[in-house]
Amino acid sequence: MKRMIAFLFSLFVLMTGLVGCNEERGLIASVEQMNDPQYTIGYEEGHSAGTILLQTHPKAKLKSYGDKIVGYESVRQGKIDGFAFERLQMQMAIDNGLEDVQILEGSVGDTIDIAVGISRVSKIPELEKKINEFIDFMEQNGSLDDMRKRWLVLGDEKIPDIAKPENPTLLLKVGTSGLVQPYSYYKDNTLNGFDIEFSKRFALWLNAKLEFGVYDYGAIIAAAVSGEIDCIVANLNVTKERKERISFSKPVYRLDNAIMVKKDRYAGQITESNDASKKDVPLQFRNKKLKYNSIAEMNKNNSLKLGMQTGFVFVDKETRRLLPNAKIDYYKSTPDMAYLVANGKLDGFINDEPVIRYAALENPNLGYIHAGFEPMDIVAVFPKNENGRALRDELNEFIERYRAKGLLDSIDNLWLGHDETKKVVTFPKAKDGKPTLKMATSAINPPFEYIKNGEIVGYEMDLMARFCDEMGYGLEVHDVAFESVILGIETGMYDFAVSTLSATPAFKEKNYLSNAFYVSECVMAVQIVGDEQPSQTLMNTKEILDTLNRPEVKIGTVSSATFNTVIDRFFPKSSRLFFKSHIDMAKFVEAGKMDAMLVDEPTAKLLVSEFKELEILDKTLEPSDYAYAFPKNAKGELLCAQMNEFIQASMKQGLKTELEAIWFGSDESLKKIDLSKLKPISGTLHLAVNSTCPPFTYIKDNAIVGYDIDWIVRFCEAYGYGLEISDMNFEAILPSLAAGTSDFAAGEITVTEERKQSVYFSAPVYNGGIVAVVKNGAANKSENSAEEESFIASLKTSFERTFVREDRWKLVLQGIGVTIFISILSSIFGNLIGFLVCLLRLSKNKIADAFAITYIRVLQGTPAVVLLMILFYVVFARSGLDGVWVAIIGFGMNFGAYVSEMMRTGIEAVDKGQMEAALSLGYTKTRAFFKIVFPQAARHFLPVYQGEFISMVKMTSVVGYIAVLDLTKASDIIRSRTYEAFFPLVTTAIIYFLIAWALTRVLTAIQKRIDPKNRKKVRY
């Protein structure tokens, strides 16, 4: 019995252990654990983490990515087990809202030295020595430690004011990346970060004028080698390979690499991110203001309008499940929907993440959010027959072979990367008696399949070309409408198809599917409506600033030496108008009487919230500190010292933050000033202000209030002063201090060196700057000529993108030729059919007449595009007949049905006596018909025939459904590359008009020629 109990107890312990093991399976506890063949670790191409992983994790599978953000998303989606990168940057990504990931404890390899790269051909003598001396200097005085703490620990994004050398003796050219936060990146269109501050401090120490050059990491080393730049300050790792080409300074700081894993696979304690409201927003859009941040937000809109690409059956079904109240419109292509979403005409559309990511590169106002779909397998589709199954099996073997060798990853990096020179596909010819395979696709889904330089390229094209080349097959690609891709497979028209097709249950029922060669997440495209800063403009600021520097432009400002200096620097050619009130300036700009106004940034924010047609240009023209002014006398000096003491103490208590929340916020109930609580124990102070400077000083409820007034009232209460406020013009404030009529002054007063000579300034209570305010949505040109210039410039850009770039004009020319060819041959074929059907209608044989009537009614009742698809995918599916000839047959049959009725009506309109007279003169019936009756009938039906012929020409625009590259298809292809609707569509319309006009002239000439009234009389 005891043995039995012991046995059962042992069995229980063993089972418990097994269950525990099963529960722990897949969890990752440490960096070291991932050195195992079962784990796949990603890294950014070119980053030191890749080299280190080869040494520290030789057993793991490694996968490179062209962009770290793609790597982050791959971990989040479970495509890879981990991603190795700098711990600090990954933690910042999580702090900024990257969800569902966690960083493992422990480092990958040793710490990395980050240093300044130095050109060996720099014109600055002993530059390496000077940089090292500067680093020693910064270490000794504690400045470098302070910078590391602010930028790399606290996340402070503000560069302190660093003076520029007054008389520089050198020119320092620094190369940087502008891509990596917090080291070197753009904030408000200005370079910012640790490396930028370091460069500015070094330039001041060196007494050098500083110039930045922004480079990709692939080009920055070459720039230093050639002497184009003197040094590189760009979070640059010190590597053996780089040391062979450039020199390096002492380390500026050190970093360690770590590994990020999916949160549900992390075995340690989970740390949560700070912004749950944006958990569905990808990292690259976290600093943007999206129209919707989640599917849940979209569900709250009862008038939600979505786009859907025709043929996306599974996506359509899931979208209706997630967003049951949405109205869905159907479109042929992603570029059309991307354009509509970016311009606010649609609320969104769902597609594969790489497709929408590519569209977002071309549309600055397009972003996307996670849609909540399960990741979808992208596959090739084959007919459900023996040949299809055999071909599928061959492709599956090829895919798995490529996957094992890591070649699928290399194709990923190529087509999802940025090097356009490598994006070329060569389609193979058949070898050793092997057949040429026919593959269907719809080339409007970059980066998977699209047109470049007149050729079909893309991820799937490259993969299938490699497959066919390795197996000895030739490959013939047919570009058809998306909804025709599967139809062509099911009818046996094509051997297989790829077109970003997902492995849905519906596809599996009717077709054979390959193994997945790409796993994609479906995302929802949404509009970017701005940056997180509330008054940021989406216009091109540099272009607008350049436009404002014109003689005909009028710029308004208050009378101030500071504002005059800014105008002299940025807009010396403009005319300037001086105002006493910011409100008056705003009204002038809104009414179009003035092109721009210069004001302090806090006032600008308040003005644009009141004047909805105004916006702020996102460039600070002159950084400014705002403080209180005191007269240069004993009383003024005492008051200034007391004010500084009060400001410093209040800053520590958080008063500045509190007052900013009140006076720069939207809650008007908090904006109150109570002077009654002030007791003049130490006397009464006289304050000079200008009450037209909201939110600093302004009138509300017949009293002067504002941010500055609140500060001063609290100061007076603390020091026992009473307060009397005098409202005066800004020009009178400083003279009132000098005359002693005012004890101090407030009201958005800017601290300048010139003013410091006349007055004392307190410590700053606000840091801002001078900005330009313009009217919404334009470059604010005051004259029509300036507007025309901008419009012409945009037309030139559109023309270059549409026609010149990648020789796209050849596509248009090819499309024109195909359209004209189809139109003319269809009309000839249609005339022949129409004449024959007309004769059957005129026949006394009832069967012939019934056949003709049936033909006419069927063809007139069948839409041309349906007729084309029946002919192409059913009737001629196995014949191999080119789509152009199918189009000619289809349009000829359709045109013939209408022509036959026109001819019959015209013939019946000719008097029967004409035939009788001809027969009496000895004409045969046939000769009489063609010589006498038909010419007269033509006079009756040609005007109607002319209109029908032009309609047929325009109807040819649907031939893209059957893999024919006509004019409209060429336009669609160009739009799929440029994501620009205006120029391709307008150009297509103009070309159709010209074709129709030319053909109309030809028909009109024929009509006149057969009219007897226009013939010359013959004299005998």
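This is a short tour of one chain, from its overall make-up to a few strands, helices and a single residue.

Good morning, everyone. A word of caution before we start: this is a predicted model.

Let's begin with the whole chain. The chain has 1020 residues, and 51% of them count as buried. Its secondary structure comes to 36 helices and 40 strands. Now the contacts. Take those in the chain with a separation of 6 or more: 75% of them join residues 24 or more positions apart.

Next, strands. A quick reminder for anyone new to this. Strands of a sheet pair through backbone hydrogen bonds, and the pairing is either parallel or antiparallel.

Please find strand 12, residues 247-262. Which strands pair with strand 12? I'll take three of them in turn. Strand 3, residues 82-86, pairs with strand 12 in the antiparallel sense, over five bridges. Strand 4 covers residues 101-103 and is also antiparallel to strand 12, with three bridges. Strand 5, residues 108-118, pairs with strand 12 over seven bridges, again antiparallel.

Some residues to click on. E86 stands opposite N257 in strand 12. V108 stands opposite N257 too. So N257 is a good place to centre your view: E86 is across from it, and V108 is across from it. For strand 4, pick I103, whose bridge partner in strand 12 is M260.

Now a small sheet further along. It is open, has three strands, and runs in the order 20-21-22 with antiparallel pairing. Which strands stand at the edges? Strand 20, at 444-445, and strand 22, at 455-457. Each has a single partner strand, so one side of each is left without a neighbour in the sheet. Strand 21 spans residues 449-452 and pairs with strand 20 over two bridges. In that pairing, I444 stands opposite Y450 of strand 21.

On to helices. I have two pairs.

The first pair is helix 24, residues 655-663, and helix 25, residues 707-719. They pack at an angle of about 140°, and their axes are 10 Å apart. That angle makes helix 24 oblique to helix 25. The crossing is right-handed. Who makes the contact? From helix 24 come L655, K656, E658, L659, E660 and W663. Helix 25 brings Y707, D710, W711 and R714. By class, that is five nonpolar residues, five charged and no polar.

The second pair is helix 29, residues 809-842, and helix 30, residues 846-861. Here the angle is about 135° and the axes lie 7 Å apart. Helix 29 is therefore oblique to helix 30. This crossing is left-handed. On the helix 29 side, look for I833, V837, L840 and R841. They meet A848, D849, F851, A852, I853, Y855 and I856 in helix 30. What classes of residue make up this contact? Nine are nonpolar, two are charged and none is polar.

Last stop: one residue. Go to N192, in strand 9, which covers residues 190-192. Is N192 buried or exposed? Its relative accessibility is 7%, so N192 counts as buried. What does N192 touch? Set aside its neighbours within four places in sequence. N192 is then in contact with W151, E157, I159, Y183, S184, Y185 and K187.

That's the tour. Thank you, and I'm happy to take questions.

Terms used:
Residues numbered from 1 in each chain as written. Predicted model: local features only at pLDDT ≥ 70, side-chain atom pairs only at ≥ 80, totals over all residues. Heavy atoms only, no water. Pairing = 2+ DSSP bridges. Helix = DSSP H or I, 4+ residues; strand = E, 2+ residues; numbered from the N terminus. Axes fitted to C-alpha atoms, helices over the stretch in contact; angles between N-to-C directions. Parallel < 35°, antiparallel > 145°, perpendicular 65-115°, else oblique. Left-handed = near helix turned anticlockwise from the far one by under 90°. Contact = heavy atoms within 4.5 Å. Nonpolar A, V, L, I, M, F, W, Y, C, P; charged D, E, K, R; others polar. Buried < 20%, exposed > 50% of the residue type's maximum accessible area, 1.4 Å probe, protein only.
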